[in-house]
Structures are given as C-alpha cells and as structure tokens.
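User: Could you help me learn to read burial, contacts and strand pairing in a model?

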Amino acid sequence: GSDIRVKGDFLQAGGDVYPWNSDFFMEGNWLNTGGTMANAGNGSFNFEPSSTATRQIQTNGQSFTTVNFNDKFSLGAVTQYNLVDNFTIITRLNIYNDCQLNIPDGLTGNFSRTNIQSGGILTVGGGETLAMEANETLSVKDGGKISLIGVAEKYAKLTRQGATGRFTFDV
C-alpha cells in the first residue's frame, strides 16, 4: 500500500479504514468515534506532531500494529498525547524525542514490545493500567522516562495481559 499523510486531525465517525501494509503519518489527533479498522498488516502509525498542542487518541476499541511517536519537526518542547479510551498495540510501541503518551484515569494501555527512547515519556498515573503482552519487553533507553505514580485509593498498575507468561524490563 501507499503511505497516508494527515496534516491535521484524523476523524472517523463510521465506516471502515483498511490500512493494509500502508504507513499512516498524523500531525494532529486520532479520533475514531464510530468506525472500524481492518488489520493493518505490516503498516505503522506514526504520530509526528506539527505543534506542541496536546493531542488526543480515541480508538473506539480498534487495535493498532506498530505505533511510533516522534517529533520529526524538532519543536523544542514536549507534545503530549492523552488517551480517550483504551489503546491496544499488538506489535510494537516506540516513543521518541519530545513526545509523551499519557494513560488517563480508568484507562488501560495494552502494549506489546515497548521502547521508550531518549526524550520519550510514558506516564501511567493513579487509576491507570499498563498491561504488557506476555513474553515481551518494556525498554527504557538512556534519556527516556516512564512514570508509574499512583495516589491513595488509586494505584498505578503495571501488569501482564492474560493469565500466563511474563514480560521483562530493559532499563
């Protein structure tokens, strides 16, 4: 397939997105309020902000393959991405320079292999869950950050998906 570039927000209120083996490049929000997404095959989803305005990701329960967050425009400040609903990544998550992914209260990030590179940030706060795929690795490279900080009665949770298997840390 061919690359798909969205200079603003991606908005889906119905219908199907079939990105088979295509790479998506988004500068704005990803907002799916009512559509479905077919298997993305070998394609990737690349969140490359064009400004430091906070972005939102709403999946409507759809799974993603490889997801990359990367400041390709060298904006000089962190761009935050807040989940609106649960986010499932079935192959790989990479967070690079000056991008921060936040899992808000009550939501879950279901991630496979996760790499937080230099300048990348993953935040899991009170009432939030990071559920790693069994037999995968959560890597935090030099200059990358992960924040798992709960509050009284609202714990930040790091767990694995499923009843068996394990995941490993590479810090």
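The dialogue below takes these features in turn.

Analyst: Happily! This is a predicted model, in which local features need pLDDT of at least 70, side-chain atom pairs count only at pLDDT 80 or more, and totals for chains, interfaces and linings use all residues. Residues are numbered from 1 along each chain as its sequence is written, and side-chain values use heavy atoms, with hydrogens and water left out.

User: Is asparagine 110 buried or exposed, and why?

Analyst: Buried means under 20% relative accessible area, exposed over 50%, partly exposed in between (1.4 Å probe, protein chains only). Asparagine 110 counts as buried because its relative accessibility is 18%.

User: Which side chain shares a polar contact with asparagine 110?

Analyst: A polar contact is a pair of N or O atoms within 3.5 Å; within protein, one must be able to donate a hydrogen and the other to accept it, and residues adjacent in sequence count only if both atoms are side-chain atoms. Here the partner is the side chain of threonine 88, at 3.4 Å.

User: How do side chains point along a strand?

Analyst: In a regular strand they alternate between the two faces of the sheet. Strands are DSSP runs (E, at least two residues), numbered from the N terminus. In strand β7 (residues 44-47), Ser44 and Asn46 point one way, Phe45 and Phe47 the other, and all are buried.

User: Which strands are joined to β7 by bridges?

Analyst: Two strands pair if DSSP finds at least two bridges between them. Strand β4 (residues 24-26) runs parallel to β7 with 3 bridges, and phenylalanine 24 stands opposite phenylalanine 45. Strand β9 (residues 63-69) is also parallel to β7, with 4 bridges; there, threonine 66 is the bridge partner of serine 44.
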